[in-house]
Structure formats: structure tokens, C-alpha cells
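Please open the model in your viewer and keep the sequence panel beside it. The tour below moves from one selection to the next and says what is to be found at each stop.

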Amino acid sequence: MKFVKAFLIQVGCKQSNLNSVKRIGTMQADKVCPILVQLNSEEAKTRIMRNLRSLKDVQMFVGISITEDYTKAEREMIKTYRMRAKELNDENKNYETII
């Protein structure tokens, strides 16, 4: 929780925007489990995602990654779009347009 509080302060978000914080996955000695942070509003999430660049020079946050949590259907849709964009880019070898 101390880490999450420091993270929220750094990205300019109030602790009152938290719904829950929990570790996900199975504990393993050689791995660190991800932390799932649930927020009470889309606005808080947007503010955090917009301010992630403020973590760049903070030693405490070096080596961590922050991603949005998508449903399985959303992940499949994103995968399909990426594959289609790659195909279109491969077809367009003159690189006038990159998708």
C-alpha cells in the first residue's frame, strides 16, 4: 500500500480515488506479482495514464510498467487490429503510409 500511495502522489491523483488495491496471480519466490489498482472513476484513471511520464526520473518507479486492464474480448479485438495493421503495412512496402 505504501508503494501505491507514493505512486498516486507522484502522478497527481488523490488516495480517495482508490476503490481497492490487491496483488493478482500466484506468489512465487522469483517473481513479483502484479498489483491491481481499482479506481472509482474513469477520470482518475485518465489523469494517472496522462501523468505517467512524471515517473520517468523517479528511482522508486524504474522498471515498472503500468497498463490498462482489458477484458478478454477487448484483448482479442486489439490483437485483431494489430495483426490487420501489420498486414497492411507489409503490403504497403513504399511506406507512404504507416498504419
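A salt bridge is taken here to be a side-chain nitrogen of Lys or Arg within 4 Å of a carboxyl oxygen of Asp or Glu. By that criterion this structure, which is a predicted model, holds 5 salt bridges.

**Stop one: Lys45 and its partners**

Select Lys45 together with Glu42, and look for the salt bridge in which their side chains meet, with an N to O distance of 3.1 Å. Both residues belong to helix α2, where they are 3 residues apart and therefore separated by about one helical turn. Glu42 is exposed, with a relative accessible area of 53%, whereas Lys45 is partly exposed, at 25%.

Now add Glu68 to the selection, which forms a salt bridge with Lys45 whose closest N and O atoms are 2.6 Å apart. Because Glu68 lies in the loop between α2 and α3 while Lys45 lies in helix α2, this pair ties together parts that are 23 residues apart in sequence. Glu68 is partly exposed, with a relative accessible area of 33%. With the three side chains displayed together, Glu42, Lys45 and Glu68 can be followed as a network of salt bridges.

**Stop two: helix α3**

Move next to Arg84 and Glu87, which form a salt bridge with the closest N and O atoms 3.5 Å apart. Both residues lie in helix α3, 3 residues apart, which is about one turn of the helix. Arg84 counts as partly exposed at 41% relative accessibility, and Glu87 is likewise partly exposed, with a relative accessible area of 41%.

**Stop three: the aromatic rings**

How many aromatic pairs does a search of the whole structure find? There are 2 aromatic pairs. Select Phe7 and Phe61, whose rings form an edge-to-face pair, with 6.1 Å from centre to centre and 70° between the planes. The pair links distant parts of the chain, since Phe7 is in helix α1 and Phe61 is in the loop between α2 and α3, 54 residues apart. Colouring by accessibility shows Phe7 as buried, with a relative accessible area of 8%, and Phe61 also counts as buried, at 5% relative accessibility. Adding Phe3 to the selection completes one aromatic cluster, formed by Phe3, Phe7 and Phe61.

**Stop four: a nonpolar patch**

Keep Phe3 selected, switch to a surface view and add Ile35, Met60, Ile64 and Ile66, which together with Phe3 make a nonpolar surface patch of about 370 Å². Within this patch, Met60 is placed in the loop between α2 (42-50) and α3 (72-91), and Met60 is partly exposed, with a relative accessible area of 44%.

**Stop five: the cysteines**

Select Cys13 and Cys33 in turn: Cys13 is buried, with a relative accessible area of 7%, and Cys33 is buried as well, with a relative accessible area of 8%. No bond between cysteine sulfur atoms should be drawn, as the structure holds 0 disulfides.

**Stop six: Asn17**

Finish at Asn17, in the loop between α1 (2-10) and β1 (18-23). Is this residue, Asn17, buried or exposed? Asn17 is buried, because its relative accessible area of 13% falls under the 20% limit for that class. To see what surrounds the residue, display Gln38, Leu39, Asn40, Ala44 and Arg47, which Asn17 touches when residues up to four places away in sequence are not counted.

Conventions
Residues numbered from 1 in each chain as written. Predicted model: local features only at pLDDT ≥ 70, side-chain atom pairs only at ≥ 80, totals over all residues. Heavy atoms only, no water. Helix = DSSP H or I, 4+ residues; strand = E, 2+ residues; numbered from the N terminus. Buried < 20%, exposed > 50% of the residue type's maximum accessible area, 1.4 Å probe, protein only. Contact = heavy atoms within 4.5 Å. Patch = residues over 30% accessible without salt bridge, like charges linked within 9 Å, V, L, I, M, F, W, Y side chains within 5 Å. Areas by Shrake-Rupley, 256 points an atom, 1.4 Å probe, with all protein chains shown as cover. Phe/Tyr/Trp six-rings, centres within 6.5 Å; stacked < 30°, edge-to-face > 60°. Disulfide = S-S within 2.5 Å.
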